[in-house]
Amino acid sequence: MNPILRHEKIMEALLTNQEVTVAELSDILKVTGKTIREDLTKLEEQGLIRRVHGGAVLAQADQFGILPSKEPISKNLEMKKNIAQAALNRIVPGDIVALDGGSTTLEIARLLPNQPYTVITNDVYIISELSKKDKINLVVPGGYRVRNILTGPEAVAYVKELNIQKAFISATGIHLEHGLSVYTGELLAFKRALIDTARERIAVADHHKFGQTALRTFARLEELHGLITDDGLPEAVLAEYRKAGLPIELAGDR
């Protein structure tokens, strides 16, 4: 197994179990403890994990663009609500909208009024939220479940056949050079399908994700029509990204 695939499996194990030991990973991946420790060192250098005695934990529980298996996290909730409100201002009744899986897009779903929209999503929490709103035409592409996300080739193929007007995209990291990235390859194809299919592509992410890079890039910044973040983004960083041509909207009081 090549190092990138091992890193993905390590991150999968961490997101499922919150903490893993070197011995457990060695047994799962069928490699030596020395190889696992080297992998963990590289992942820690990227800011994805934190080494602890005998193993590792996630650097940030909510940073990876998919949520824990039990319940959505609430970290930076006020920021996410502000971003969601700004996103909602871009949606009008009759729109065909895609909501990528994630905690900020979940807030968009919560704020979305019960009006005639069509919403495509692969997030089971968003599905649960929108199923209560009978005027919304909810479209679920299907696929297999990775915690709160539905993915797989059938879901990707289905999305590519749709006429999506606006897609709200989540990411683990936002970087000038590396674009939008996530930690696991299982999410790449679905996210890429949204980028390729939607007429308007808008990333939604809080300011902590700027300057961050995860394992896999799925979109370049120039492929976006806009990015909505909170007003905690430093002025210098905002200027840098705007200079690169990315239209950024700040949600909040600034």
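User: Why are α4 and α5 called oblique to each other?

Analyst: In this predicted model, helix α4 (residues 77–88) packs on α5 at an angle of about 60 degrees, with the axes 8 Å apart. Roughly parallel would need an angle under 35 degrees, and roughly perpendicular starts at 65. An angle of about 60 degrees fits neither class, so the two helices are oblique. As for handedness, α4 passes α5 in a right-handed crossing.

User: How do you know which residues of α4 and α5 meet?

Analyst: The test is heavy atoms within 4.5 Å. On the α4 side, the residues that pass include Leu77, Lys80, Ile83, Ala84 and Leu88. Their counterparts in α5 are Ser103, Thr104, Glu107, Ile108 and Leu111.

User: What makes Thr104 count as buried?

Analyst: Its relative accessibility is 5%, and buried means under 20%, so Thr104 counts as buried. Thr104 is found in helix α5 (residues 103–111). Leaving aside neighbours within four places in sequence, Thr104 is in contact with Lys80, Ile83, Ala84 and Val204.

User: Now to the rings. Why is the pair of Phe210 and Tyr241 called edge-to-face?

Analyst: Two numbers settle that one. The ring centres of Phe210 and Tyr241 are 5.0 Å apart, and the limit for a pair is 6.5 Å. The planes stand at 80 degrees, and over 60 counts as edge-to-face, so that is the name for this pair. A search of the whole structure finds one aromatic pair.

User: What makes this a link between distant parts of the chain?

Analyst: Phe210 lies in the loop between β12 (200–204) and β13 (216–219), while Tyr241 belongs to helix α9 (residues 235–243). The two are 31 residues apart.

User: Are Phe210 and Tyr241 buried or exposed?

Analyst: Buried, on both counts. Phe210 has 8% relative accessibility and Tyr241 has 3%; the cut-off for buried is under 20%.

User: How do you know that β10 and β11 pair?

Analyst: Pairing requires at least two bridges, and β10 and strand β11 (residues 179–182) have three, in the antiparallel sense. Within this pairing, Ile174 has Leu180 in β11 as its bridge partner.

User: And what makes β10 and β13 the edge strands?

Analyst: Each of them pairs on one side only. The three strands form an open sheet in the order β10-β11-β13, with antiparallel pairing. From one strand to the next, the twist averages 40 degrees.

How values were computed: Residues are numbered from 1 along each chain as its sequence is written. This is a predicted model: local features need pLDDT of at least 70, side-chain atom pairs count only at pLDDT 80 or more; totals for chains, interfaces and linings use all residues. Side-chain values use heavy atoms; hydrogens and water are left out. Rings of Phe, Tyr and Trp (its six-membered ring) pair if their centres lie within 6.5 Å; planes under 30 degrees apart count as stacked, over 60 as edge-to-face and the rest as tilted. Helices (H or I, at least four residues) and strands (E, at least two) are DSSP runs, numbered from the N terminus. Buried means under 20% relative accessible area, exposed over 50%, partly exposed in between (1.4 Å probe, protein chains only). Axes are lines fitted to C-alpha atoms, for helices over the stretch in contact, and angles run from 0 to 180 degrees between N-to-C directions. Angles under 35 degrees count as roughly parallel, over 145 as roughly antiparallel, 65 to 115 as roughly perpendicular and the rest as oblique. A crossing is left-handed if the near helix is turned anticlockwise from the far one by less than a right angle, and right-handed if clockwise.
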